[in-house]
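Here are a few exercises to try with the model open beside you. Have a go at each task before reading its solution.

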Amino acid sequence: MNSSLPPGYRVRPLAPPDAEALEWEGEYTHFRRLYSLAFERAAAGRSVLWGIESPIGQLVGQVFVLLQAEHDPMPADGSTRAFIHSFRIRPEHRNQGLGSGLLSHAEQDLIARGFSWVTLNVAEDNPDALRLYERMGYAAIERISGHWSFTDHEGNQRHLHEPGWRMAKRLAVI
C-alpha cells in the first residue's frame with residue numbers, strides 16, 4: 001500500500017513506543033494524554049493509528065482512524081463509518097505526496113475492513129488541509145463549531161475553538 005510514497009518513506013502502524021515521537025520534540029506534548037487514549041482505543045480494536053516514517057527512520061506524519069466511538073456512533077459506528085483525526089505531516093516534509101499517500105493508505109485499510117464512509121473535521125484556518133481533502137475526494141457536509149476540550153499532560157483542562165467543516169467521502173468498496 002506504500003507505492004504512492006516517495007522512495008524510502010513507509011507507512012506503518014503506530015504503537016505505544018512511538019508516543020514520544022508523536023510529541024514532535026515538545027510541540028505536541030500537551031496531547032500526551034490524548035495519545036495514550038488513542039493507544040488504548042487501538043488496543044481495544046476501536047481505532048487504528050498509522051505513522052509515516054522517513055528514510056532515516058524519523059516519524060514525520062500520523063493519522064488516527066476511529067473505527068468505533070465510545071459514546072456517539074455518528075462519527076464512527078464500527079462497521080460502515082469511520083472518523084479520521086490527528087492527521088499531520090511535519091512542515092518540512094509537506095508537498096511531497098506524503099499526506100495524500102498516508103490518507104490513501106488509511107482509506108485502503110478502511111475499505112479492506114468493510115467501511116464505506118469516512119469523515120473528518122478540518123479547521124477553517126487550514127486552507128492547505130482543506131485543499132488536500134477536496135483533492136482526495138472529500139466534500140464538506142456541514143459547518144462545525146469546533147469547540148472541544150481535553151486534559152493536557154499536566155492535568156489542566158484546555159478548551160479550544162477551531163471552527164471549520166465536517167467532510168465526508170464515500171469509499172470505493174471492493
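**Exercise 1: a bridge and its sheet**

Find the bridge partner of G51 in strand 3, then work outwards to the whole sheet.

Solution, step by step:
- The partner of G51 in strand 3 is Q62.
- Zoom out a bit: strand 2 (residues 47-53) and strand 3 (residues 59-66) run antiparallel, joined by 7 bridges. Strands here are DSSP runs of E, at least two residues, numbered from the N terminus, and two of them pair if DSSP finds at least two bridges between them.
- Now the full set: the order 1-2-3-4-5-9-6 gives an open sheet of 7 strands with mixed pairing.
- Strand 1 (10-13) and strand 6 (139-144) each have a single partner strand, so they sit at the edges with one side lacking a neighbour in the sheet.

Before moving on, remember that this is a predicted model, where local features need pLDDT of at least 70 and side-chain atom pairs pLDDT 80 or more, while totals for chains, interfaces and linings use all residues. Numbering starts from 1 along each chain as its sequence is written, and side-chain values use heavy atoms, leaving out hydrogens and water.

**Exercise 2: D152**

Work out where D152 sits and what surrounds it.

Solution, step by step:
- Look in the loop between strand 7 (147-151) and strand 8 (157-161).
- D152 has a relative accessible area of 2%, so call it buried (under 20%, 1.4 Å probe, protein chains only).
- Skipping neighbours within four places in sequence, D152 contacts H30, R33 and R158 (heavy atoms within 4.5 Å).
- The C-alpha atoms of D152 and F31 are 5.9 Å apart, though 121 residues separate the two along the chain.

How values were computed
Helices (H or I, at least four residues) and strands (E, at least two) are DSSP runs, numbered from the N terminus. Buried means under 20% relative accessible area, exposed over 50%, partly exposed in between (1.4 Å probe, protein chains only).
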